Amino acid sequence: MRDLSNNRDRLAINSATVKPWTLEQLVDGCARAGISAIAPWRDIVQAVGIPKAGKVIRDAGIAVSCLCRGGMFPAADEAGRKAALEDNKRAVDEAVGIGAGSLVLIAGGLPKGSKDLPGAHKQVRDGLAALLEYARTAKMPLAIEPLHPMYAADRACVNTLAHANDLCDELGEGLGIALDAYHVWWDPDLKRQIARAGKRIITYHVCDWMVPTTDLLLDRGMPGDGAIDLKAIRAMVEATGYDYYIDVEIFSANNWWKRDPNEVLRICLERHQTVV
């Protein structure tokens, strides 16, 4: 396993971690902190426009580990599914425009009023297959991210690494996995499924699971502050040969988002070197 104790080269900061920074502030803050990569969300990229966003990032010499996010495939009717596909094609174009390593996708949950989980699974599979045709032409890898089961109804009905692996097996080239420790740490089959994923893991995200968790979306912890054995999971991931960036992605409305983002960056770097 890599020694990160004096290493900041593989740390990437997800823009959600340092809200409310703009893209320019994120790039400038990371450059000043000696952090070489970012993982922006689409909103801050769209706010400045793709050409300018790409130039800002390139001029600073900053890498883009991934773009967050596309997906959200299921819809109640064909028009909704078509709209989702068109938005995902735009996301692919945005990822290409800023030089992202991949486009992260979350599946989406049940269409409004539906209880048909198998039907939602099929819509996700079909949406991924349709998007892959476009993404392959653009040479942009897609990374499906399994989310914790608490999000199955409203955000993502792909909830296990096994399900993500099955989709990759079926759909083939161009589809990989975004592995987020926050969403998979609980899985008793995690080690086997990480080994099965192998080279298909194309981006790896970390934060921590707080005990107690006071909000299902917005109470994620700084690495080292919660219950996840992050070093053990990183060892599993790196045993597959993974040597790409480790993205710190923290949604924290009542703690980290209230702090000075420069302080947040400093602590992210410290935890990257000590507990990740």
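**Entry 1. Glycine 109**

I looked up glycine 109 first and found a buried residue, with a relative accessible area of 7%. The model I am reading is a predicted one. Glycine 109 sits in the loop that runs between β5 (103-106) and α5. I then asked which residues glycine 109 is in contact with, leaving aside its neighbours within four places in sequence. The list is Pro74, Ala120, Ala152, Ala153, Asp154, Arg155, Ala156 and Cys157. I also took one distance, to histidine 121: the C-alpha atoms are 8.7 Å apart, with the two positions 12 residues apart in sequence.

**Entry 2. The whole chain**

I stepped back to the overall fold. I counted 10 helices and 11 strands in the protein. The radius of gyration is 18 Å, and the globule rule gives 19 Å for 276 residues, so the protein is as compact as a globular protein of that length. I noted the span of the C-alpha trace along its principal axes as about 50 × 45 × 35 Å.

How much of the protein is buried? Buried residues come to 51% of the 276. For contacts with a separation of 6 or more, I found that 79% join residues 24 or more positions apart. The exposed surface is about 11600 Å², and carbon and sulfur atoms supply 53% of that area. For charge, I have 33 positive and 36 negative side chains, and the centres of the two sets lie 2 Å apart.

**Entry 3. Helix α3**

I went through α3, residues 50-59, and marked Ala53, Gly54 and Ile57 as buried. Seen down the helix axis, the buried residues of α3 fall within an arc of 95°, so they line one face. On the face turned away from that buried side I found the exposed residues Pro51 and Asp59.

What covers the buried residues of α3? The cover includes the helices α1 (23-33), α2 (42-48) and α4 (78-97), and the strands β2 (37-39) and β3 (63-64). After α3 comes glycine 61, with a positive phi near 70°.

**Entry 4. Backbone oddities**

I kept the usual case in mind here: most residues other than glycine have a negative phi, and most peptide bonds are trans.

I noted a cis peptide bond from lysine 19 to proline 20, with omega near 10°. Proline 20 is in the loop between β1 (11-14) and α1. I noted another cis bond from cysteine 68 to arginine 69, with omega near -10°. Arginine 69 belongs to strand β4, residues 67-71.

I then turned to positive phi values. Methionine 72 is not a glycine, yet its phi is positive, at about 55°. I placed methionine 72 in the loop between β4 and α4. Is methionine 72 buried, partly exposed or exposed? Its relative accessible area is 34%, so I logged methionine 72 as partly exposed.

Lysine 139 also has a positive phi, near 60°, and is not a glycine. I found lysine 139 in the loop between α5 (117-138) and β6 (142-144). With 71% relative accessibility, lysine 139 counts as exposed.

**Entry 5. Leucine 230**

I looked up leucine 230 in helix α9, which covers residues 230-238. Leucine 230 has a relative accessible area of 2%, under the 20% cut-off, so I logged leucine 230 as buried. Which residues does leucine 230 touch, not counting those up to four places away in sequence? I listed Ala181, Tyr204, Val206, Cys207, Asp208, Pro223, Gly224, Val275 and Val276. From leucine 230 to alanine 162 I have 20 Å, C-alpha to C-alpha, with the two positions 68 residues apart in sequence.

**Entry 6. Methionine 222**

My last stop was methionine 222, in the loop between β10 (220-221) and α9. Methionine 222 is buried, and I have its relative accessible area as 0%. Leaving aside neighbours within four places in sequence, I found methionine 222 in contact with Asp208, Ile250, Trp256, Val264, Ile267, Cys268 and Arg271. Asp208 is also among the residues that leucine 230 touches. For valine 264 I took the distance as well: its C-alpha atom is 9.1 Å from that of methionine 222, and the two are 42 residues apart along the chain.

How values were computed: Residues are numbered from 1 along each chain as its sequence is written. This is a predicted model: local features need pLDDT of at least 70, side-chain atom pairs count only at pLDDT 80 or more; totals for chains, interfaces and linings use all residues. Side-chain values use heavy atoms; hydrogens and water are left out. Helices (H or I, at least four residues) and strands (E, at least two) are DSSP runs, numbered from the N terminus. The radius of gyration is taken over C-alpha atoms; the globule rule is 2.2 Å times the number of residues to the power 0.38. Buried means under 20% relative accessible area, exposed over 50%, partly exposed in between (1.4 Å probe, protein chains only). Contact means heavy atoms within 4.5 Å. Accessible areas come from the Shrake-Rupley method with a 1.4 Å probe; for residues, only the protein chains shown count as cover. Lys and Arg count as positive and Asp and Glu as negative; His and the chain ends are not counted. The place of a charge is taken as NZ of Lys, CZ of Arg, CG of Asp or CD of Glu. The arc is that of the directions from the helix axis to the C-beta atoms.
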